Amino acid sequence: VEIPASAHPHAVFVEVLGMLGFDHSVLLDFLISPETNEFVAYLCTYLRFMEAEAEGVCAAQREWLLCLQQLEHSMEKLLGRGLFPYNCNPILRRLRTVIEKYGQVQTVDGRIGT
C-alpha cells in the first residue's frame, strides 16, 4: 500500500517542525514536560519508521536534520548533568541512528549540529 505524499509520516513530522520554526528546544520541552508520554511514544514511532525507511530524505530538508542534531546535543547535555527526568538513552540511540543514516549537517561556523 502506497502512502500519499501528504500523509507520509516524515512529511507530517517535517510539517510540524516547520510550524515550530525547526526549533529543537520546543521538542526538548515536549520530551521533558510532565505530559510527555504521548510525544515520547510518537517520537519513538517516528524514529523507528525513519530507521527502516528505504528512501533518502530530500536535501532541501537540511533544517530537519539540523533540528534532530541539536535535539540530540541538548538531550546529551541534560542527561550528562542528571537533569533529564527519565532514562532517555533509547530515544538518543534511535536519534543517533537516524542522524547517521541521513548524514550530518554542518552549521555555518563549521560545528556539527550545535
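Where does Gln61 lie? I looked there before anything else. Gln61 sits in the loop between helix 3 (37–52) and helix 4. I keep in mind that this is a predicted model.

**Entry: Gln61**

I checked how open the residue is. Gln61 is partly exposed, because its relative accessible area is 22% and buried means under 20%. I then looked for its partners, setting aside neighbours within four places in sequence. Gln61 is in contact with His10 and Val14. I took the distance to Val14 as well. Gln61 and Val14 are 47 residues apart in sequence, and their C-alpha atoms are 8.0 Å apart in space.

**Entry: the overall layout**

I stepped back to the whole chain. I find 5 helices and 0 strands. Read from the N terminus, the order is α-α-α-α-α. The protein has 114 residues, and 35% of them count as buried. It exposes about 6700 Å², with carbon and sulfur atoms supplying 56% of that area. I also looked at the sequence range of the contacts. Of those between residues at least 6 apart in sequence, 72% join residues at least 24 apart.

**Entry: Phe22**

I went through the loop between helix 1 (9–19) and helix 2, where Phe22 has its place. Phe22 has a positive phi of about 50°, although it is not a glycine. I marked it for a second look at the backbone.

**Entry: helix 2 on helix 4**

Next I took helix 2 (residues 24–32) against helix 4 (residues 62–80). They pack at an angle of about 50°, and their axes are 9 Å apart. That angle makes helix 2 oblique to helix 4. The crossing of the two is right-handed.

I listed the residues that meet. Helix 2 brings His24, Leu27, Leu28 and Leu31. Helix 4 answers with Cys67, Gln70, Leu71, Ser74, Met75 and Leu78. By class, this contact has 7 nonpolar, 3 polar and no charged residues.

I added Ser25, which is also found in helix 2. Ser25 counts as partly exposed, because its relative accessibility is 30%. The C-alpha atoms of Ser25 and Cys67 are separated by 9.0 Å, with their positions 42 residues apart along the chain.

**Entry: helix 3 on helix 5**

Which angle do helix 3 and helix 5 make? I read about 35°, with the axes 9 Å apart. Helix 5 covers residues 89–102. The crossing of helix 3 and helix 5 is left-handed.

From helix 3, the contact takes in Val40, Leu43, Cys44, Leu47, Arg48, Met50, Glu51 and Ala52. From helix 5, I noted Ile91, Arg94, Leu95, Thr97, Val98, Lys101 and Tyr102. These residues divide into 10 nonpolar, 1 polar and 4 charged.

**Entry: helix 4 on helix 5**

I closed with helix 4 and helix 5. They pack at an angle of about 145°, and their axes are 10 Å apart. The crossing of helix 4 and helix 5 is left-handed.

On the helix 4 side I wrote down Trp64, Leu65, Leu68, Gln69, Leu71, Glu72, Met75, Glu76 and Leu79. On the helix 5 side are Asn89, Ile91, Leu92, Leu95, Arg96, Val98, Ile99 and Tyr102. The contact splits into 12 nonpolar, 2 polar and 3 charged residues.

I cross-checked my lists. Leu71 and Met75 of helix 4 touch helix 2, and Leu71 and Met75 also appear in the contact with helix 5. Ile91, Leu95, Val98 and Tyr102 of helix 5 are in the contact with helix 3, and these residues are in the contact with helix 4 too.

Terms used. Residues are numbered from 1 along each chain as its sequence is written. This is a predicted model: local features need pLDDT of at least 70, side-chain atom pairs count only at pLDDT 80 or more; totals for chains, interfaces and linings use all residues. Side-chain values use heavy atoms; hydrogens and water are left out. Axes are lines fitted to C-alpha atoms, for helices over the stretch in contact, and angles run from 0 to 180 degrees between N-to-C directions. Helices (H or I, at least four residues) and strands (E, at least two) are DSSP runs, numbered from the N terminus. Angles under 35 degrees count as roughly parallel, over 145 as roughly antiparallel, 65 to 115 as roughly perpendicular and the rest as oblique. A crossing is left-handed if the near helix is turned anticlockwise from the far one by less than a right angle, and right-handed if clockwise. Contact means heavy atoms within 4.5 Å. Ala, Val, Leu, Ile, Met, Phe, Trp, Tyr, Cys and Pro count as nonpolar, Asp, Glu, Lys and Arg as charged, and the others, Gly among them, as polar. Buried means under 20% relative accessible area, exposed over 50%, partly exposed in between (1.4 Å probe, protein chains only). Accessible areas come from the Shrake-Rupley method with a 1.4 Å probe; for residues, only the protein chains shown count as cover.
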